[in-house]
Amino acid sequence: MDRCDVLIVGGGPAGSTCARHLRKHGIDVVVLDRAQFPRDKVCTGWITPAIIASLEIDTEDFARENVLQPFTGFITGLIGRRGIRTDYQRPVSYGIRRCEFDNYLLHRSGAPLRLGESLKSLRADGDRWIANDAISARLVIGAGGHFCPVSKLVAQRDDATDDPVVLAQEAEFLIPEELRATFPVSGEFPELYFCPDLSGYGWIVRKGDYLNIGLGREHERNLSSHVDDFVKFLRDTGRLTMEIPHAFKGHAYRLRRFAPPINVPRGVMLIGDAIGLAYPQSGEGIRPSIESGMLAGELIVQANGDYSGPLMQRLEERCMARFGAGAKRGGWTDRFSPRLRQWAAARLMQSRWFHRHVLLDRWFLHVQQPALVV
């Protein structure tokens, strides 16, 4: 049986970031993931300068073999209406392909990898955990996203709570070579179009020669019809001038909000989308996932080999301090009728000031929050 100090289940940004931090401090860590990397991941796919700084990414090194598309502005609006162009005249974000970005972070972590292996069982054995009857670890970290197997096997969570869950569909593909020079969507200006009821938004984002189209909504049972309507809007307005070569892929994740904590046994932690950290206004989850991996890694280092303490409780406290309580249902916006919310949204979306200083700066770019350094 293989033995390690820490077993991380999930090789995405949260898991790989945590693994790298632990390896830097000499902790014996193994990463297990059911997928072989590089693997596809449903995601719009962009990172802010704060993420680059926190992860200490050498952008020139990364861009040698991977897509790194500078975004110098955005086009934002409501579906069915013309968008507003906001130009920062400098890179404020970077488009990435998740298959490349996640693979880069995972292998850069330097951790031993067990890829193509699902977590099927997890049981306590004294002060250790036994995974798949093959790996013995003193601490297990669940970093497997919304459907994290560690959470499923050993955590207790009230799934009846009304936590906002986002369902998204996305397609990413190469733009045909003959269309690239004249394609109407600019790589420097990704386009975001909100649903009239503000329950989600669609996007069309160019990253080099790749195009990413998708839409996400909260608690949506008829997502496919909304995606179809959005694609029709893109075609009718001349933003999409080609056929989408393959079907859309789906994904689900929780938005950040103050919900009853997840109860896990001692010697187990959950990070990233496994605890629902996506920003409530934008649904963006890469930065909070990465930062939760950093915060968890620092707590583990500080534990100095004693993992019997309430590490998950301490992580929740640090996440609360870092990300806040999030947006509860039943807040002031939910007191208004859908028609009134649509009217207010239409008014706000006419303001260039709102687009730049609220929608983009605060909700999507989070310029008010400095990069996390641990």
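Leaving aside its neighbours within four places in sequence, which residues is L270 in contact with? In this predicted model, the list comprises G142, C148, V150, S151, A155, I262, V264, I275, M312 and L315. L270 also belongs to the largest nonpolar core, which has 69 residues. Within that core, L270 is one of the residues with the most contacts. The others are V6, L7, F101, V150, M269 and I300. V150 thus appears both in this group and among the contacts of L270.

The core draws on helix α7, residues 286–303. This helix gives the most to the core, with eight residues. Another core lies apart from it. That second core has 23 residues, including I79, F173, L234 and L240.

The overall dimensions come next. The chain holds ten helices and 17 strands. Its C-alpha atoms fill a box of roughly 60 × 50 × 35 Å along the principal axes. The radius of gyration is 21 Å. A compact globule of 374 residues would have a value near 21 Å, so the two agree. Of the 374 residues, 55% count as buried. Contacts with a separation of 6 or more were also examined, and residues 24 or more positions apart account for 73% of them. The accessible surface comes to about 17,000 Å². Carbon and sulfur atoms hold 48% of that surface.

One open sheet has seven strands with mixed pairing. Their order is β6-β5-β13-β14-β15-β12-β16. Strands β6 (84–87) and β16 (249–254) stand at the edges. Each has a single partner strand, so one side of each is left without a neighbour in the sheet. From one strand to the next, the twist averages 20 degrees.

Inside the sheet, strand β12 (residues 165–174) and strand β15 (residues 210–218) run antiparallel. Nine bridges join the two. In one of these pairings, E170 has G214 of β15 as its bridge partner.

Helices also meet the sheet. Helix α6 (residues 223–236) packs on it. This helix touches β5 (73–78), β12, β13 (191–194), β14 (200–207) and β15. The direction of α6 makes about 135 degrees with that of β15. Helix α10 (residues 352–364) lies across β5, β6, β13 and β14. It runs at about 65 degrees to β6.

How values were computed: Residues numbered from 1 in each chain as written. Predicted model: local features only at pLDDT ≥ 70, side-chain atom pairs only at ≥ 80, totals over all residues. Heavy atoms only, no water. Core = buried A, V, L, I, M, F, W, Y, C linked by side-chain atoms within 4.5 Å. Buried < 20%, exposed > 50% of the residue type's maximum accessible area, 1.4 Å probe, protein only. Helix = DSSP H or I, 4+ residues; strand = E, 2+ residues; numbered from the N terminus. Contact = heavy atoms within 4.5 Å. Pairing = 2+ DSSP bridges. Axes fitted to C-alpha atoms, helices over the stretch in contact; angles between N-to-C directions. Rg over C-alpha atoms; globule rule 2.2 N^0.38 Å. Areas by Shrake-Rupley, 256 points an atom, 1.4 Å probe, with all protein chains shown as cover.
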